[in-house]
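Let's take a walk through this complex, starting with how far to trust it and then moving on to the ligand and the strands. Keep the viewer open as you read.

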Amino acid sequence: MNHQKREDLVKSVLFVFSITASLILLLIIIFLFNEAIRLFQEVSFLDFLFGTKWNPEQGLYGAFPFVFFSIMATLGALIIAIPLGVSCAVFLAEIAPGWARDATRPVIELLAGIPSIIYGLFGLVIIVRFIKVSLELATGETILAGSIILAAMILPIIISISQDSIESVPKSFKLGSLAMGATNWQTLRKIILPTALPGIFAGIILGVGRAMGETMAVVLVLGNSENMPEVVKQLLGKEGSSTVMQLINQVPEILFKPGEALTSAILLEMGPAQVGGLHYSALFALGVILFCITFVLSVASNYILSRSQISVR
Amino acid sequence: MDDGNEIEIRDLNLWYGDNHALKDVNLDIRKNRITALIGPSGCGKSTFLRCINRMNDLIEGVKIKGEVLLNGENIYKKDVDVVALRKRIGQVFQKPNPFPMSIYDNVAYGPRIHGVGKKELDGVVEKSLKDAALWREVSDRLEGAALDLSGGQQQRLCIARALAIRPDVILFDEPCSALDPISTHKIEDLLQELKKKYTIVIVTHNMQQAARVSDYTGFFLLGEMIEFNRTRVLFENPEMEQTEDYITGRFG
Ligand SMILES: Nc1ncnc2c1ncn2[C@@H]1O[C@H](COP(=O)(O)OP(=O)(O)OP(=O)(O)O)[C@@H](O)[C@H]1O
Ligand SMILES: [Mg+2]
């Protein structure tokens with residue numbers, strides 16, 4: 001009897017805790033949307049999302065350039081980090097001797113735990129300067145620099161999740177393949193990688209989420225609206241005009257220009273913005289975009305991971 | 001039917017680090033016959049089997065001395081192509097291990113790797129499945145996932161997969177130990193069919209199975225080959241006392 005009662009008590013305490021955690025999360029979401037909603041009484045949602053002019057003084061709130069810069073920096077990071085990370089994971093899981101594996105794992109975990117501002121400082125001092133000097137640009141604070149820093153930050157995630165999923169491919173698959181006269185390379189390509197693919201994919205998506213949401217490192221290396229050259233000022237609506245398509249057509253050029261990510265915009269403009277004003281609300285709306293992107297990414301990643309466990313058993 | 005030796009093992013020794021797991025093993029494996037290997041757990045049967053297709057190469061710290069002659073050629077010679085060797089010597093594992101892909105792709109895996117063209121592939125897959133006595137059960141669901149098959153069907157699929165690369169020898173390591181009696185029976189029948197075309201070596205813990213299916217039997221104990229003879233002779237009239245103790249269950 002006594003046991004039963006005690007268990008019931010523990011159960012209800014745990015229940016209250018877990019409900020509290022979910023409630024807090026829910027409150028944050030409600031708060032975020034609530035602050036953002038005022039903007040949409042003035043500006044239509046589509047104008048906000050696809051507008052290319054952002055100038056709070058003139059009441060222009062087009063968030064597309066920020067979204068665009070964020071996506072570009074992230075895509076650039078993926079182009080660097082996916083091949084590097086996956087091949088590193090393959091090497092660690094399949095080729096490296098046991099001691100090398102044991103030595104690298106803590107290092108990679110450490111890399112994943114370094115505060116992002118440190119990456120930002122490193123980027124500012126080393127990468128931004130390197131880009132400026134080697135490409136002879138006016139400023140090294142470019143989307144490219146952002147991509148490189150983000151790549152470095154998501155690399156540990158991609159490596160460790162890919163390595164885990166490669167290592168969790170049942171050994172019997174590998175032995176079965178080798179016993180039929182497949183080479184190591186064929187076994188890797190045709191059996192191990194396809195089986196591990198959902199896990200690798202989930203790791204990449206997680207990396208994308210991290211890159212999109214990253215603030216401190218990005219704000220340091222991407223440049224900001226204060227010293228932005230004309231092209232970007234145009235894009236942001238100070239003068240001239242541009243459309244979504246124009247922006248997309250300029251990708252190669254923009255790569256070597258400063259930009260401003262979603263996260264940077266919120267960080268840099270929140271100070272000047274008047275609390276409760278439209279500008280203030282627009283920054284929260286940027287937060288909503290960010291939230292939706294990362295939410296979708298993490299749901300997708302979980303879905304893929306859960307399905308992969310079924311197919312591999 | 002040719003009665004020559006397909007494989008001859010000469011003074012084979014194997015160490016896992018300091019563990020001397022096989023000691024001076026000598027054995028002839030006849031072509032188109034079933035050779036069974038029996039012995040208590042840990043005596044080195046699986047280790048011995050893995051020597052024949054060089055799967056022990058994959059284990060760190062293994063040292064091998066002696067010769068394994070496949071049709072007179074030592075497979076442990078320096079310049080032997082291990083990949084080509086494994087194409088000639090198929091293996092079926094204790095636990096069915098189909099790949100996480102369709103039934104068709106499982107059987108087609110080996111032929112594709114070894115360069116069989118698209119046109120011939122359908123034929124090879126059908127023939128292999130028929131030879132593995134699985135065709136009738138799966139012919140209408142070749143694109144279905146192999147992992148959805150029953151354990152017995154999965155094991156026959158693994159046999160079909162091994163047959164598809166047209167080996168000369170097939171090694172079976174306790175192929176029925178994870179299966180129910182009916183599936184076991186099907187595979188035993190299958191072995192009798194397969195030996196018309198292939199040389200078969202089978203490790204089993206089931207003495208009745210060894211007696212039922214094999215033509216020759218070898219008894220291993222603590223890494224040594226204690227006795228090797230025609231199955232009938234070994235079971236009815238063993239020369240060594242240890243063999244008799246083991247097959248009558250008085251061992252230990
Ligand atoms: N991968 C390995 N690494 C180190 N030692 C091993 C390895 N595999 C087997 N051994 C050792 O070699 C000896 C023989 O093992 P083996 O698996 O060949 O026995 P077995 O006769 O197949 O046993 P069972 O009937 O239980 O399958 C055992 O002492 C075992 O501990
Ligand atoms: Mg064994």
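Start with pLDDT, which is the predictor's confidence in each residue, on a scale from 0 to 100. You'll want it here, as what you're looking at is a predicted model. Chain A has a mean pLDDT of 85, with 89% of its residues at 70 or more. Chain B comes out with a mean of 92, and 98% of its residues reach 70 or more. For the complex as a whole, the predictor reports an ipTM of 0.91 and a pTM of 0.82.

Where in chain A is confidence lowest, and where is it highest? The low end is helix α11 of chain A, residues 230–235, with a mean of 52. The high end is helix α8 of chain A, residues 171–179, at 95. If you color chain A by confidence, look also at residues 226–230, where the pLDDT is below 50. Leaving aside near neighbours in sequence, that stretch makes 8 contacts in the model.

Now swing over to ligand 1. It's surrounded by 14 residues, and the closest are S41(B), K45(B), S46(B), T47(B) and H205(B). Sorted by class, this shell holds 7 polar, 4 nonpolar and 3 charged residues.

Let's zoom in on the oxygen atoms of the ligand. In the side chain of S46(B), an N or O atom sits 2.6 Å from an oxygen of ligand 1. K45(B) also points something polar that way: one of its polar side-chain atoms is 2.7 Å from a ligand oxygen. With C43(B) it's the backbone that takes part, with a polar atom 3.3 Å from an oxygen of ligand 1. How much of the ligand does the protein bury? On its own, ligand 1 exposes 630 Å², and the protein buries 64% of that.

Which elements give two or more residues to this shell? They are β2 (19–30) and α1 (45–52) of chain B. Of the elements, α1(B) gives the most, with 4 residues.

Follow β2(B) away from the ligand and you land in a sheet. This is an open sheet of 4 strands in chain B, paired antiparallel in the order β2-β1-β4-β5. β2 and β5 (73–74) of chain B are the edge strands; each has a single partner strand, so one side of each has no neighbour in the sheet.

Next, the pairings themselves. Strand β1 of chain B, residues 5–16, runs antiparallel to β2(B), and 8 bridges join the two. You can pick out I7(B) with its bridge partner I29(B) in β2(B), and likewise I9(B) with L27(B). The two strands form a hairpin with 2 residues between them, and G17(B) in the turn has a positive phi of about 65°. β1(B) also pairs with strand β4 of chain B, residues 62–70, again antiparallel and over 8 bridges. There, L14(B) has I64(B) in β4(B) as its bridge partner.

One last stop, further along chain B. Strand β9 (residues 216–221) and strand β10 (residues 224–230) of chain B run antiparallel, joined by 6 bridges. L221(B) stands opposite E224(B) in β10(B). This hairpin has 2 residues between its strands, and L222(B) takes a positive phi near 50°.

Methods. Residues are numbered from 1 along each chain as its sequence is written. Chains are lettered from A and ligands numbered from 1 in the order in which they are written. This is a predicted model: local features need pLDDT of at least 70, side-chain atom pairs count only at pLDDT 80 or more; totals for chains, interfaces and linings use all residues. Side-chain values use heavy atoms; hydrogens and water are left out. Contact means heavy atoms within 4.5 Å. A residue is near a molecule or strand if one of its heavy atoms lies within 4 Å of it. A polar contact is a pair of N or O atoms within 3.5 Å; within protein, one must be able to donate a hydrogen and the other to accept it, and residues adjacent in sequence count only if both atoms are side-chain atoms. Accessible areas come from the Shrake-Rupley method with a 1.4 Å probe; for residues, only the protein chains shown count as cover. Ala, Val, Leu, Ile, Met, Phe, Trp, Tyr, Cys and Pro count as nonpolar, Asp, Glu, Lys and Arg as charged, and the others, Gly among them, as polar. Two strands pair if DSSP finds at least two bridges between them.
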